[in-house]
Amino acid sequence: MKLLILIGLVLLIIAVHQLMRVVELSRQFKKGNEWTVTDKDNSFNGKAMLLFGFAFIGFFFWQINRWGDNSLPGAASEHGLKIDALWDYNMYLVSFVFVLTNAVLFYYAYKYKGKKGIQATFLAHDNRLEMIWTIVPAVVLAFIIIFGLKYWNDITTRSTDSNKVTIELYAKQFDWTARYPGKDKVLGSTDYRQIDGGNSVGLDTLDATGHDDILIKNEFHIPVNREIEFKMRSRDVIHSAFMPHFRAQMNCVPGMVTTFKFTPNKTTSEMRKDPYVIQLMAGINEVRTKKGEEPVEFDYTLLCNKICGASHYNMQMTIIVDTEKDYKEWLSKQKQFKTLASK
Ligand SMILES: [Cu+2]
């Protein structure tokens with residue numbers, strides 16, 4: 001097989017070489033010099049440009065139509081709606097400019113194709129033009145940046161909600177631990193020297209406020225319509241807590257605590273009834289069935305979005321958004337940390 005491909009390649013190279021020789025020989029029969037560009041050449045290239053322009057812009061819209069239904073469902077958090085709106089404005093704006101400039105580019109390449117006897121105007125400088133293409137992009141960019149900064153400020157201000165839920169996300173190679181403050185509503189302090197098999201997040205066992213803390217693996221619950229304040233820590237390298245459905249992401253950096261807050265506005269079961277989510281999951285399950293895998297239901301996920309090592313891809317946790325009642329019930333069933341307290 002490899003030999004056949006090799007022989008094929010050699011034959012192809014010989015064929016191309018022979019073809020070039022034929023082309024070179026045929027040039028001698030043409031009138032004029034071979035490097036002279038004729039009106040016929042220009043006309044052919046102009047039309048080819050126009051045709052390519054149509055195909056190019058057509059392909060752009062085709063891709064939106066073909067892949068658009070694979071994007072994330074609408075935001076499931078209050079601030080996420082703002083991020084989605086900002087994203088939409090930006091995409092509409094750049095798509096409009098993209099289509100317009102490319103349409104003009106290819107049309108002008110066709111319209112102003114070379115013609116014998118016609119020379120291009122030489123334009124050294126034009127203040128008016130310079131002004132237009134400086135001021136218009138500057139105004140548009142300022143608009144985008146001001147909106148982005150305003151939203152970013154709203155999103156990253158410190159939480160002031162007294163009814164908020166505080167959860168710590170502890171990252172290490174390669175898993176997550178969610179820590180809830182117990183009845184005292186205070187997360188116990190930590191001490192990295194106390195990290196061991198039974199104390200994976202390094203709780204300071206001398207601090208009594210940590211004894212009722214709750215440590216959760218694999219799947220954690222949050223209540224809907226309440227502000228959730230995350231405090232992120234990392235044991236080893238920089239990880240990134242990414243919760244795409246809530247439009248939330250924050251780095252987890254060793255030696256410091258980073259925060260991110262959001263208010264989920266749709267429970268997991270509400271999201272599973274969303275028509276777009278149903279259609280998205282049907283597509284995913286179709287692929288899974290073909291591969292002989294079990295179908296899955298929609299779930300919110302916490303992922304690591306920093307390439308943090310060999311098992312980075314597996315660093316994830318399911319998030320369940322519950323009603324207030326279900327959340328309380330779930331939390332009451334979870335075990336408390338208690339080490340020194342029980343001794
Ligand atoms: Cu990671």
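Let's start in the middle of things: the largest nonpolar core has 36 residues, and the members that touch the most others are Leu169, Ala171, Trp176, Ala241 and Ile319. Strand E1 (residues 165-172) supplies the most to this core, with five residues. A nonpolar core here means a set of buried Ala, Val, Leu, Ile, Met, Phe, Trp, Tyr and Cys residues joined through C-beta atoms within 7 Å. Buried means that 20 or more other C-beta atoms lie within 10 Å of a residue's own, exposed means 12 or fewer, and partly exposed is in between, with C-beta atoms placed from the backbone. In soluble globular proteins, nonpolar side chains tend to be buried together.

Before going on, a word about what you're looking at. This is a predicted model, in which local features need pLDDT of at least 70 and side-chain atom pairs count only at pLDDT 80 or more, while totals for chains, interfaces and linings use all residues. Residues are numbered from 1 along each chain as its sequence is written.

Now zoom in on Leu169. Leaving aside residues up to four places away in sequence, Leu169 touches Trp176, Ala178, Phe230, Met232, Ala241 and Cys252. Contact means C-beta atoms, placed from the backbone, within 7 Å of each other. Ala178 is also the bridge partner of Leu169 in E2. Five bridges join E1 to strand E2 (residues 175-180), and the two run antiparallel. They form a hairpin with two residues between them. Helices (H or I, at least four residues) and strands (E, at least two) are DSSP runs, numbered from the N terminus, and two strands pair if DSSP finds at least two bridges between them. From E2 you can step on to strand E3 (residues 214-216), which is antiparallel to E2 and joined to it by three bridges. There, Ala178 has Ile216 as its bridge partner.

Next, look for an open sheet of five strands, with mixed pairing and the order E4-E10-E9-E6-E7. Strand E4 (219-223) and strand E7 (248-252) are the edges, each pairing on one side only. From one strand to the next, the twist averages 25°. Inside the sheet, strand E9 (residues 300-304) and strand E10 (residues 316-322) pair in the antiparallel sense over four bridges, and Leu302 has Met317 as its bridge partner in E10. Helix H7 (residues 324-332) packs on the sheet, where it touches E4 and E10, and its direction makes about 140° with that of E4. For such angles, axes are lines fitted to C-alpha atoms, for helices over the stretch in contact, and the values run from 0 to 180 degrees between N-to-C directions.

The helices H1 and H2 paint another picture. H1 (residues 2-27) is home to Met20, and its 26 residues reach 38 Å from first C-alpha to last, close to the 38 Å expected at 1.5 Å a residue. The expected span is 1.5 Å times one less than the number of residues. H1 is hardly covered, with a count of zero buried residues. Met20 is exposed because it has 10 other C-beta atoms within 10 Å. Its C-alpha atom is 66 Å from that of Gly255, 235 residues apart along the chain. What about helix H2 (residues 39-67)? Its 29 residues should span 42 Å, and its end C-alpha atoms are 42 Å apart, which agrees. The number of buried residues in H2 is zero, so H2 lies largely in the open.

Finally, step back. The chain is divided into domain 1 (39-114 + 129-157) and domain 2 (165-342), with bounds from an automatic or database domain assignment. The contact between them takes 10 residues from domain 1 and 17 residues from domain 2, and their C-alpha centres lie 37 Å apart.

Technical notes:
Contact = placed C-beta atoms within 7 Å.
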